[in-house]
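Could you walk me through this structure, one selection at a time? I have it open in my viewer and would like to know what to click on next and what I will find there.

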Amino acid sequence: MLLPTVQHFLQMQNIAPDERIVVGVSGGVDSIVLLHACFTLGQQIVVAHLDHQLRPASSADAKFVANYAKTLNVPFALKPLDIASAAKANNCSIETEGRNARYAFFAEVAASHQCKTVVVAHHADDQAETVLMRLIRGAGTSGLQGMQPIKQLDSGLTVLRPLLTIGKAEI
């Protein structure tokens with residue numbers, strides 16, 4: 001069910017198989033499955049991994065993603081960034097700094113590879129968590145909206161979330 005869902009989503013967004021896209025890959029199961037799905041569908045891929053340096057094993061994650069990209073024979077971009085220090089310097093949360101840094105990095109990678117789209121592996125469980133966190137933080141009804149399957153960034157990059165209707169268990 002997952003592969004047809006990703007294929008249908010990309011087709012609905014008019015992403016042709018010969019169009020190169022950036023796949024944001026953390027190294028977790030969700031993003032590896034998304035990368036594998038895009039590759040299996042014959043999509044032209046550039047793998048982008050931002051090493052947030054928040055865990056001691058983060059460099060191992062980066063190596064794993066680099067090796068997997070090499071196995072698939074697709075371009076790989078890595079950026080190590082001390083997110084905790086950047087968050088402190090910018091007086092914001094680690095989550096906010098991490099998200100901002102990821103999307104800025106994805107935009108850089110997309111520009112250098114002439115891509116206009118990035119796909120990320122947010123899924124239905126992430127969506128539920130997002131809405132719950134916003135509720136806990138006191139968001140009103142307009143603030144309870146979850147992640148959108150399609151998001152335009154200020155950079156002009158389009159972010160797609162093809163797994164947003166699929167639960168973690170299925171992934």
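Here is a tour that starts with the whole chain and then moves through helix pairs and single residues.

**The whole chain**

Please keep in mind that this is a predicted model. Start with a cartoon view and colour by secondary structure: the chain has six helices and six strands. Reading from the N terminus, the order of the elements is α-β-α-β-α-β-α-α-β-α-β-β.

Now switch on a surface. The chain exposes about 9,300 Å², and carbon and sulfur atoms supply 55% of that area. Of the 171 residues, 40% are buried. If you draw a contact map, look away from the diagonal: among contacts with a separation of 6 or more, 70% are between residues 24 or more positions apart.

**Stop 1: α1 against α2**

Select residues 2–12 for helix α1 and residues 29–40 for helix α2. Two packed helices are described by the angle between their axes and the distance between the axes. For α1 and α2 the angle is about 70° and the axes are 10 Å apart. Angles of 65 to 115 degrees count as roughly perpendicular, so α1 and α2 are roughly perpendicular to each other. Their crossing is right-handed.

Show side chains at this contact. From α1 you need Leu2, Leu3, Val6 and Leu10, which meet Val33, Leu34, Ala37, Cys38 and Thr40 of α2. Sorted by class, the contact of α1 with α2 contains eight nonpolar residues, one polar residue and no charged ones.

**Stop 2: α2 against α3**

Keep α2 on screen and add helix α3, residues 58–72. At what angle do the axes of α2 and α3 cross? They cross at roughly 10° and come within 12 Å. Angles under 35 degrees count as roughly parallel, so α2 and α3 are roughly parallel to each other.

The side chains to display here are Ile32, Leu35, His36 and Phe39 from α2, together with Phe64, Tyr68 and Leu72 from α3. By class, the contact of α2 with α3 has six nonpolar residues, one polar residue and no charged residues.

**Stop 3: Leu35**

Stay in helix α2 and centre on Leu35. Is Leu35 buried or exposed? Its relative accessible area is 0%, so Leu35 is buried. Leaving out residues up to four places away in sequence, Leu35 touches Val23, Val25, Ile45, Val47, Tyr68 and Leu72. For a distance label, pick the C-alpha atoms of Leu35 and Ile45: they are ten residues apart along the chain and separated by 8.3 Å.

**Stop 4: helix α5, at Ala101 and Thr96**

Move on to helix α5, residues 94–112, and select Ala101. Ala101 has 11% relative accessibility, and because buried means under 20%, Ala101 counts as buried. Which residues does Ala101 touch, not counting those up to four places away in sequence? They are Leu50, Leu81 and Ile83. The C-alpha atoms of Ala101 and Ile83 are 8.0 Å apart, with the two positions 18 residues apart along the chain counted as their separation.

Thr96 is found in helix α5 too. With a relative accessible area of 26%, Thr96 is partly exposed. Draw a C-alpha to C-alpha line from Thr96 to Ile83: these residues are 13 apart in sequence and 9.6 Å apart in space.

**Stop 5: two loops with a positive phi**

Go to the loop between α4 (83–89) and α5 and select Asn91. Asn91 is not a glycine, yet has a positive phi of about 55°. Asn91 is exposed, with a relative accessible area of 73%.

Next, look in the loop between α5 and β4 (117–119) for Gln114. Gln114, also not a glycine, has a positive phi of about 55°. At 67% relative accessibility, Gln114 counts as exposed.

**Stop 6: Gln148**

Finish in the loop between α6 (124–136) and β5 (150–152), where Gln148 is found. Gln148 is partly exposed, with a relative accessible area of 35%. Beyond residues up to four places away in sequence, Gln148 touches Arg161 and Leu164. The C-alpha atoms of Gln148 and Leu164 are separated by 8.4 Å, and the two residues are 16 apart along the chain.

Definitions and conventions
Residues numbered from 1 in each chain as written. Predicted model: local features only at pLDDT ≥ 70, side-chain atom pairs only at ≥ 80, totals over all residues. Heavy atoms only, no water. Helix = DSSP H or I, 4+ residues; strand = E, 2+ residues; numbered from the N terminus. Buried < 20%, exposed > 50% of the residue type's maximum accessible area, 1.4 Å probe, protein only. Contact = heavy atoms within 4.5 Å. Areas by Shrake-Rupley, 256 points an atom, 1.4 Å probe, with all protein chains shown as cover. Axes fitted to C-alpha atoms, helices over the stretch in contact; angles between N-to-C directions. Parallel < 35°, antiparallel > 145°, perpendicular 65-115°, else oblique. Left-handed = near helix turned anticlockwise from the far one by under 90°. Nonpolar A, V, L, I, M, F, W, Y, C, P; charged D, E, K, R; others polar.
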